[in-house]
Amino acid sequence: MTDVIVVGGGPVGLLLACELKLGGADPLVLEAATGEERRTRSLGLRSLNARTVQSLALRDLVEPVAGEQWAMLDELAARREPAGADLVAMMVELLREGLIRGHFGGLPLLGEAGDAEYLMLKQDRLEAVLAERAAGMGVRIWQGCAVRDVAQEESAAVATLADGRTVRAAYLVGCDGGRSLVRKRSGFAFEGTPATMTGRTAVAELASAEAVTSSLRHPGGLVNLSLVPGEIATIEFDGGPDDRDAPMTAEELEDSLRRVTGHDVVVKRLETGIRYSDNTRHAGTYRKGRVLLAGDAAHVHSPIGGQGLNLGLQDAVNLGWKLALVARGLAPEALLDTYTAERHPVAARVLRNTRAQVALMRPGAQVEALREVLAEVIELPDAKRHFTGMADGTEVDYAPGSAHPLVGRFAPRLKTLPELLRDGRGLVLALSGTPVDGAPGDGGHGGGGHGDGGLDAAVAGHLDRVRVAHADLSAVPGDGAAEVLLVRPDGYVAWAGGRDGVAAALTTWFGPPRA
């Protein structure tokens, strides 16, 4: 018996396990594949948008992930021919200058120099960083451990393993991908729209390296030559793949390249390949009793726009602290209902904008005209803010219509916010006019040890779950309407108000106080 079983040891499952452990719960990660099997499936590059980078900063993970990014880019530059090396150098320059914000259907979204927080790396490298962090925290990870069934009992969720063993936990979270066994066995509805396109990504060698160039506007679809040497991707708008699991052949990739480009392309060798589509589906709820879903198990969509990984990682940071409190008996189960309430609308918007991006990628004169018009629109300042907010995740508002503009939004960017939230506790932030200027001090206080007797008394029963700090937010619009902000462990503002409301807000979000 453990607190939480996490089925799936990809980035979402690993980050969720870290969040659970940080919150004091005991997670067990069950991953069907071995590390080597996962590495062979790690094709293409994954982008981490601004909100995900901000979330990783709260856990001191940006430096190791960025280190993997720069090491990877150095390796890629060394392996490329001169023209390819120039392409890598251009990407490095854009990343170093902080200009990249993502794209919308292939239309670039660039910010001002130093404005963006954006990382790009192969998925297996991100997994390696998260696995190392999880192991260092004492998280148990069982690789090569497939789950064949999931059930619920009155007081436990049960995972039956392929070898017949059973594992029980208070809760179980399916982070096992778009074809989630957890979702299927637990009876979650998964409605949506079927595939209209077939994507292929492969590691292959062409007879002539100059035969294919990257382009979003080929007559039959699109071709992308990855920054990773030898990786080639095609997308055709043909109704979706017939068999996603059959081994890809050189002939299949060759036929796809010829249909897309209209050129006589020859594939000499194919090392490995995967297929994907724009099948778009969404779980009706993310929780059924003791079973929850996160990442692709809860929502699938086209990979165009690179939002899927970020969406799943944000599921993990939203759910982790809540589930840890509930599993430890510190907060009521009702807190878990906020997970679906907050994350379901966010995913619905992502599914909508990925459908729109697929439409923008289709070949044809009408779509070409639409792309030209939209490219002009995106350069309008308000429109650029709107589209970049969608791409980088900074538009998320968990409490739209709240009386205070900061509630439901990511907390204002105080210099020491990551340090104050690093231990997984929430933050009671007194807007006293005294800036947060020091490391967290003894007794749970930040900001150089400034005290506040009335606030200390209100928080006393929750100091195992929150700390107190002071800040001057005079430059933040709307902060003058509140004396105190309650910041959740995931960095979002849960409540804003006067000192007399702090105790009730803490009970709502962190459970009753200790006696």
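Q: Hi! Which strands make up the open sheet with mixed pairing, and in what order?
A: Hi! That open sheet has 4 strands, in the order 22-21-23-24, and the pairing is mixed. Keep in mind that we are looking at a predicted model.

Q: Okay, and which strands stand at the edges there?
A: Strand 22 (466-470) and strand 24 do. Each of them has a single partner strand, so one side of each is left without a neighbour in the sheet.

Q: How much are neighbouring strands turned against each other?
A: On average by 20°, with direction ignored.

Q: Let's stay with strand 24 for a bit. How many of its residues are buried?
A: Strand 24 covers residues 493-497, and 5 of its 5 residues are buried.

Q: How do strand 23 and strand 24 pair?
A: Strand 23 (residues 484-487) pairs with strand 24 in the antiparallel sense, over 4 bridges. To find one of those spots on the structure, look for L485, whose bridge partner in strand 24 is A496.

Q: What do the two strands form, and what's in the turn?
A: They form a hairpin, with 5 residues between strand 23 and strand 24. The turn includes G491, which has a positive phi of about 95°.

Q: Which residue has a positive phi although it is not a glycine?
A: Try D60: its phi is positive, at about 60°. You'll find D60 in the loop between helix 3 (50-57) and helix 4 (62-79).

Q: Is D60 buried, partly exposed or exposed, then? What counts?
A: D60 has 40% relative accessibility, so it counts as partly exposed. Buried would mean under 20%, and exposed over 50%.

Q: New topic! What's the order of strands in the open sheet that has 5 of them?
A: That one runs 13-14-15-12-16, and its pairing is antiparallel. Strand 13 (215-218) and strand 16 (267-277) stand at the edges with a single partner strand each, so one side of each has no neighbour in the sheet. From one strand to the next, the twist averages 25°.

Q: I see strand 12 in that order. How many bridges join strand 12 to strand 16?
A: There are 9 bridges between strand 12 and strand 16, and the two run antiparallel. For an example, look at E205, which stands opposite R269 in strand 16.

Q: And how many bridges does strand 12 have with strand 15?
A: Strand 12 (residues 198-206) and strand 15 (residues 231-236) pair over 6 bridges, in the antiparallel sense. One position to check is T198, whose bridge partner in strand 15 is E236.

Q: How covered is strand 12?
A: Mostly covered: 8 of its 9 residues are buried.

Q: Let's talk about pockets. How much space lies in the second largest pocket?
A: About 620 Å³.

Q: Which elements give two or more residues to the lining of the second largest pocket?
A: Helix 5 (82-97), strand 12 and strand 15 do. So strand 12 and strand 15, the pair we just talked about, turn up again here.

Q: How many residues line that pocket, and which lie nearest its centre?
A: It is lined by 21 residues, and R80, E81, A209, L225 and G230 lie nearest the centre. By class, the lining has 10 nonpolar, 5 polar and 6 charged residues.

Q: Switching again: how many disulfides does the structure hold?
A: It holds 0 disulfides. As a reminder, a disulfide is a covalent bond between the sulfur atoms of two cysteines.

Q: Why is C18 without a bond?
A: Because the closest cysteine sulfur, in C175, is 12 Å from the sulfur of C18, which is too far for a bond. The cut-off for a disulfide is sulfur atoms within 2.5 Å.

Q: Are C18 and C175 buried or exposed?
A: C18 is buried, with a relative accessible area of 4%. C175 also counts as buried, at 11% relative accessibility.

Q: Last one: where is R287, and is R287 buried or exposed?
A: R287 sits in strand 18 (residues 287-288). Its relative accessible area is 16%, so R287 is buried.

Q: How far is R287 from A469?
A: Their C-alpha atoms are separated by 34 Å, and the two residues are 182 residues apart along the chain.

Notes
Residues numbered from 1 in each chain as written. Predicted model: local features only at pLDDT ≥ 70, side-chain atom pairs only at ≥ 80, totals over all residues. Heavy atoms only, no water. Pairing = 2+ DSSP bridges. Axes fitted to C-alpha atoms, helices over the stretch in contact; angles between N-to-C directions. 1 Å grid on protein atoms, 1.4 Å probe; cavity = no way out; pocket = protein on both sides within 12 Å on 5 of 7 lines; lining within 4 Å. Points joined across faces, edges and corners; volume = space filled by probe spheres on them. Nonpolar A, V, L, I, M, F, W, Y, C, P; charged D, E, K, R; others polar. Buried < 20%, exposed > 50% of the residue type's maximum accessible area, 1.4 Å probe, protein only.
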